[in-house]
Amino acid sequence: MLNSIYKQIIKKIKEYDVIVIARHIGPDPDAVASQIALRDMIKYNFPNKTVYAIGNSVAKFKYLGTLDKIDDTTLEHALLIITDVPKFERVDGANKTSYDYTIKIDHHPCDEKVCDIELVDTTASSASQLIAELVYNTRIKINSDIASKLFTGIIADSDRFLLSYTTSKTIELCAKLLNDYKFDLMTLYNNLYERGINERKFEAYLINNINITENGFGYLKIDNETIKEYNVDASTAANLVNNLNFIKELRVWAFASYDEKNALYKINIRSRGITINDVAEEFNGGGHKFASGARLKTEEEVDALFNALDQKCLESMN
Ligand code: AMP
């Protein structure tokens with residue numbers, strides 16, 4: 001079954017001269033690593049093709065490579081591949097109607113089929129893992145640079161094998177990539193984990209100020225003044241939310257950071273064992289079973305989501 005999907009994907013890549021690769025809005029390292037690794041992999045194997053990786057660029061992920069700027073409404077006979085994103089509402093910068101054919105490579109749960117071919121495995125740690133699997137199950141070749149990007153995406157999304165989506169396959173693929181392509185791990189970890197002291201102080205602020213209910217739900221609203229005081233941005237809490245994992249008193253925890261530019265609250269939710277994506281979906285968000293998010297317009301909606309999560313913790317104790 002999987003082998004036939006890999007074959008179909010490679011066949012379509014061979015068929016199209018123009019290929020665009022997009023991922024989700026508000027990207028994380030796996031979203032960017034998977035799309036850039038895929039672009040570079042296609043160019044490496046098929047140098048005559050025109051391949052773009054699109055979406056808003058994020059300065060802190062520049063080390064993963066640069067993105068391309070295109071107006072996809074002018075494209076003809078192009079193939080679109082979306083990585084690390086389940087639905088078109090969350091795709092950054094691609095108009096589905098501009099493309100002849102669409103492929104999805106993703107690890108998020110999703111009930112609908114949104115692309116012509118879908119390589120979806122919700123047990124995979126990351127989209128980068130799925131691309132590494134595609135590489136190792138076909139004749140596609142990669143180089144050390146592409147391998148290091150795939151490794152980065154896997155390490156980032158599995159939080160160095162700490163998260164529940166980690167399997168022996170995840171670890172085996174990382175070992176294989178490292179053994180076969182011998183990239184420099186220290187450079188990779190510096191790029192991925194080096195932070196300014198302001199961000200570490202902000203992390204201390206989060207831990208010092210999180211509220212914890214008697215049901216084991218931790219929550220914190222991060223206002224604009226705090227974001228400015230620590231000289232971070234509205235997406236910084238998202239980078240830090242995993243760091244509250246393994247705190248004994250927390251079973252589910254969530255941050256709401258106010259994003260002044262877009263006038264909305266970005267919510268990051270994490271859990272140790274209680275399903276949360278169903279609650280996130282009720283608030284127009286979504287994600288994985290134990291790692292979800294939402295974007296909300298008002299503080300009342302934030303309170304309602306926090307209450308629902310607390311309630312979920314309470315129910316799970318009974
Ligand atoms: P984050 O907390 O931003 O790292 O997101 C955790 C997971 O939830 C990721 O898999 C995201 O794709 C997903 N997610 C975040 N925000 C939303 C949203 N507004 N709608 C649907 N899924 C989301």
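**Helices, loops and the ligand shell in a predicted model**

K182 is placed in the loop between α5 and α6 (185–193). The model described here is a predicted one, and this loop residue makes a convenient place to start reading it. The phi angle of K182 is near 45 degrees, a positive value in a residue other than glycine. Most residues other than glycine have a negative phi. At 60% relative accessibility K182 counts as exposed, because the cut-off for that class is over 50%. A second positive phi, near 70 degrees, belongs to F161, again a residue other than glycine. F161 sits in the loop between α4 (144–157) and α5 (168–181). With a relative accessible area of 30%, F161 is partly exposed.

Turning to the helices, α1 covers residues 2–15 and has 14 residues. From its first C-alpha to its last, α1 reaches 20 Å, close to the 20 Å expected at 1.5 Å a residue. Its buried residues are I5, Y6, I9, I10, K12 and I13. Viewed down the axis of α1, these buried residues fall within an arc of 160 degrees, so they line one face of the helix. On the other side of α1, three lysines, K7, K11 and K14, are exposed. K12, by contrast, is listed with the buried residues of this helix. The partners against which the buried residues of α1 pack are β1 (18–22), α2 (29–45), β3 (78–83), β4 (101–106), β5 (117–120) and α3.

Helix α3, one of those partners, is made of residues 127–136. Nine of its 10 residues are buried, so α3 is largely enclosed by the rest of the structure. The buried residues are A127, S128, Q129, L130, I131, A132, E133, L134 and V135, a list in which polar Q129 and acidic E133 stand beside leucine, isoleucine, alanine and valine.

Helix α7 (residues 197–209) offers another one-sided arrangement. At 1.5 Å a residue, its 13 residues should span 18 Å, and the end C-alpha atoms are 18 Å apart, which agrees. The buried residues of α7 are E199, F202, E203, Y205 and L206. Down the axis of α7 these residues fall within an arc of 155 degrees, so they line one face of the helix. The face turned away from this buried side carries the exposed residues I197, K201 and N208. The buried residues of α7 pack against β7 (217–222), α8 (224–229), α9 (236–240) and β8 (252–259).

Within helix α8 lies N224. This asparagine counts as buried, at 14% relative accessibility. Its side chain is joined to that of E260 by a polar contact of 3.0 Å. Leaving aside neighbours within four places in sequence, N224 is in contact with Y258 and E260.

The ligand site can be followed through both its strands and its individual residues. Strands β9 (264–271), β10 (286–287) and β11 (291–296) each supply at least two residues of the shell around the ligand. The largest share of that shell, five residues, comes from β11. Of the 13 residues around the ligand, H108, N268, R270, G286 and H288 come nearest. The side chain of H108 has an N or O atom 2.6 Å from an oxygen atom of the ligand. For H288, a polar side-chain atom lies 3.3 Å from a ligand oxygen atom. G293 takes part through its backbone, where a polar atom is 3.3 Å from an oxygen atom of the ligand. The protein covers 82% of the 480 Å² of accessible area that the ligand has on its own.

The loop between β10 and β11 contains K289. At 46% relative accessibility, K289 counts as partly exposed. Not counting residues up to four places away in sequence, K289 touches Y165, I274, T275, I276 and N277. K289 can also be set against A127, one of the buried residues of α3. The two are 162 residues apart in sequence and 16 Å apart in space, C-alpha to C-alpha.

Note on methods: Residues numbered from 1 in each chain as written. Predicted model: local features only at pLDDT ≥ 70, side-chain atom pairs only at ≥ 80, totals over all residues. Heavy atoms only, no water. Buried < 20%, exposed > 50% of the residue type's maximum accessible area, 1.4 Å probe, protein only. Helix = DSSP H or I, 4+ residues; strand = E, 2+ residues; numbered from the N terminus. Expected span 1.5 Å × (residues − 1). Arc of directions from axis to C-beta. Contact = heavy atoms within 4.5 Å. Near = heavy atom within 4 Å. Polar contact = N/O pair within 3.5 Å; in protein donor to acceptor, adjacent residues only side chain to side chain. Areas by Shrake-Rupley, 256 points an atom, 1.4 Å probe, with all protein chains shown as cover.
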